[in-house]
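Me: I would like a close look at one part of this model. Keep it brisk, please.

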Amino acid sequence: PYAKHILPKYTIDEEGFFNCDGASAEVASRRKTALQELSDKWKKKYPKCQEFSEELKKMISDLRFTSSRCFPAFNGVVQKYLDPSMALERTEGVDVVDLDGNSSMDISGSYGVNVCGYEKYKEFIEEGWSHAKKQGLFLGSLDKTVLDNIAMLRDISGHPEVSFHMSGTEAVMCAVRVARFNTKKKLCVTFGGAYHGWWDGMQPVAGNERMPDDVLCLKDMSPLSLKVIEARKGEIAAVLINALQCFHLNQSPPSDPVLSTNNRKVAPTPGYKEWLHKLRETCTRAGVALIFDEVYTGFRLHPRGAQGAYDIKADIVCYGKTLGGGLPIGVVCGPKDLMARGDAKKAARINYVIGTFAGHPFVMATMNAFLKWLQKPETVKSYDVMAENIESFIARANASFKERGFPIKLSNWFSVWSILYTEPGRYHWMFQYYLKDAGVNLSWVGTGRLLFSLEWQKADYDRLLERLLVACAEMQKGGWWEPPVASIKAKLMTEIGGAVIKNAISSFTSQG
């Protein structure tokens, strides 16, 4: 929590940009030429996208934030040359087509929503609208579609009660509120690095200006954490789990903006299933509710989410993202005693959890289409086919990189994957720009978190590998992967230390 007040924001100017790793004049020149050539190419390749992005950045803070896609000190120079923003025209299978007509293979996964494939969501939306259009915008009443959805959600979650919301963050807010209300305890436990939405009441990490005093952040897969839960059971209402942490234990989600060298560490953590079962036993003994945040993992890992993948039952389950069949959704499932909105003995003690658009007819109809599709035997089988295709792709890709001497390696956890860098270097974040140029679409976190959908076929994986190799060759040709001459750690310490002193002097001068 103190780092945000200490770490300075600083910029490496263009003069020091190309040789900040101690590179020779020849290598620095190659890098400068490569960046200029890529910039010139993009001006011709993406004119409409760049014009669109320029206008939107004037009005949308989110876009200005997500345009900063490399290690912060480099953003000033990179943004003068390159704008990676993509303005969408349409989707075609696993590809997205921008306003300039460029087709790119999408591995962004639309922030985790795209589990089924874009063509399938088009079907859900069309089918949903055909059923919902007769109802239009009528809120506050439920229909047979909602009852049908509840029946299917009860079967998937293993719980009798269901609550509808409009986003995954809202679902987590609801789960935490009902747990606190019905247990009459205020503390909630999260684990290091786990993301549970943007609500500041459940985000005790960087990015939250208000540090919540009713959230206890513990270390994942630590026996001591289990002892803390037991010892403080009288205070703890619930423990929140996001099983995605198995891929980057006790760390925030991987992204290129924090890639200072080859410091990314991601891989499925051995023993995670056993840990979850120990946690389940501990929570049961302690009388603490175990909440599974399945907003991201639900339906991506397994037709029953992390509960199905790890053969475990949580007390409350949160869903979101893909469950809406292409439209915004949040769902909470749990038992009656934990989902109650009122106190059976105290009339004035109520838990007000509600939303205007909860249960919207169109959303319920697209969800219905998704849930019915999920139940089909061929859908269940497609998860196994995807797992086999991904395993084969990862093995072939890593063999190809090693054979060609490219310093990258792929790692995956189900259909979530990431690119690791096997050698030190200050410019690994540059790889995302060459991937875009090669026809691969990523999200703002770059090569940190990538996603496949059930729509991908073997030919698609083959096509992606070809594009990855093209991007690798361009990275190498541009000199970005030349071994650093100077110590990266020493360089970073010098840069950060200098910036701290500069900021301190500036602050002192302004006060004087």
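Which residue is the bridge partner of C188 in strand 6? Please take in strand 5 as a whole, then the packing of helix 15 and helix 17.

Reply: The model is predicted. The bridge partner of C188 is V215, in strand 6. That bridge belongs to a parallel pairing: strand 5 and strand 6 (residues 215-218) are joined by four bridges.

Strand 5 also pairs with strand 7 (residues 236-241). These two strands run parallel as well, with three bridges between them. Here V189 stands opposite V239 of strand 7.

Now the burial. Strand 5 spans residues 187-191, and five of its five residues are buried. Both of its faces are covered. L187, V189 and F191 lie on one side. C188 and T190 lie on the other. So V189, opposite V239, and C188, partner of V215, sit on opposite faces of strand 5, each under the 20% relative accessible area that defines buried.

Next, the helices. Helix 15 (residues 377-404) packs against helix 17 (residues 458-477) at an angle of about 25°, and their axes are 10 Å apart. An angle under 35 degrees counts as roughly parallel, so helix 15 and helix 17 are roughly parallel to each other. Their crossing is right-handed.

On the helix 15 side, the contact is made by M386, N389, I390, F393, R396, A397, S400, F401 and R404. Helix 17 contributes K458, Y461, D462, L464, L465, L468, L469 and C472. By class, this contact has eleven nonpolar, two polar and four charged residues.

Terms used. Residues are numbered from 1 along each chain as its sequence is written. This is a predicted model: local features need pLDDT of at least 70, side-chain atom pairs count only at pLDDT 80 or more; totals for chains, interfaces and linings use all residues. Side-chain values use heavy atoms; hydrogens and water are left out. Buried means under 20% relative accessible area, exposed over 50%, partly exposed in between (1.4 Å probe, protein chains only). Two strands pair if DSSP finds at least two bridges between them. Axes are lines fitted to C-alpha atoms, for helices over the stretch in contact, and angles run from 0 to 180 degrees between N-to-C directions. Angles under 35 degrees count as roughly parallel, over 145 as roughly antiparallel, 65 to 115 as roughly perpendicular and the rest as oblique. A crossing is left-handed if the near helix is turned anticlockwise from the far one by less than a right angle, and right-handed if clockwise. Contact means heavy atoms within 4.5 Å. Ala, Val, Leu, Ile, Met, Phe, Trp, Tyr, Cys and Pro count as nonpolar, Asp, Glu, Lys and Arg as charged, and the others, Gly among them, as polar.
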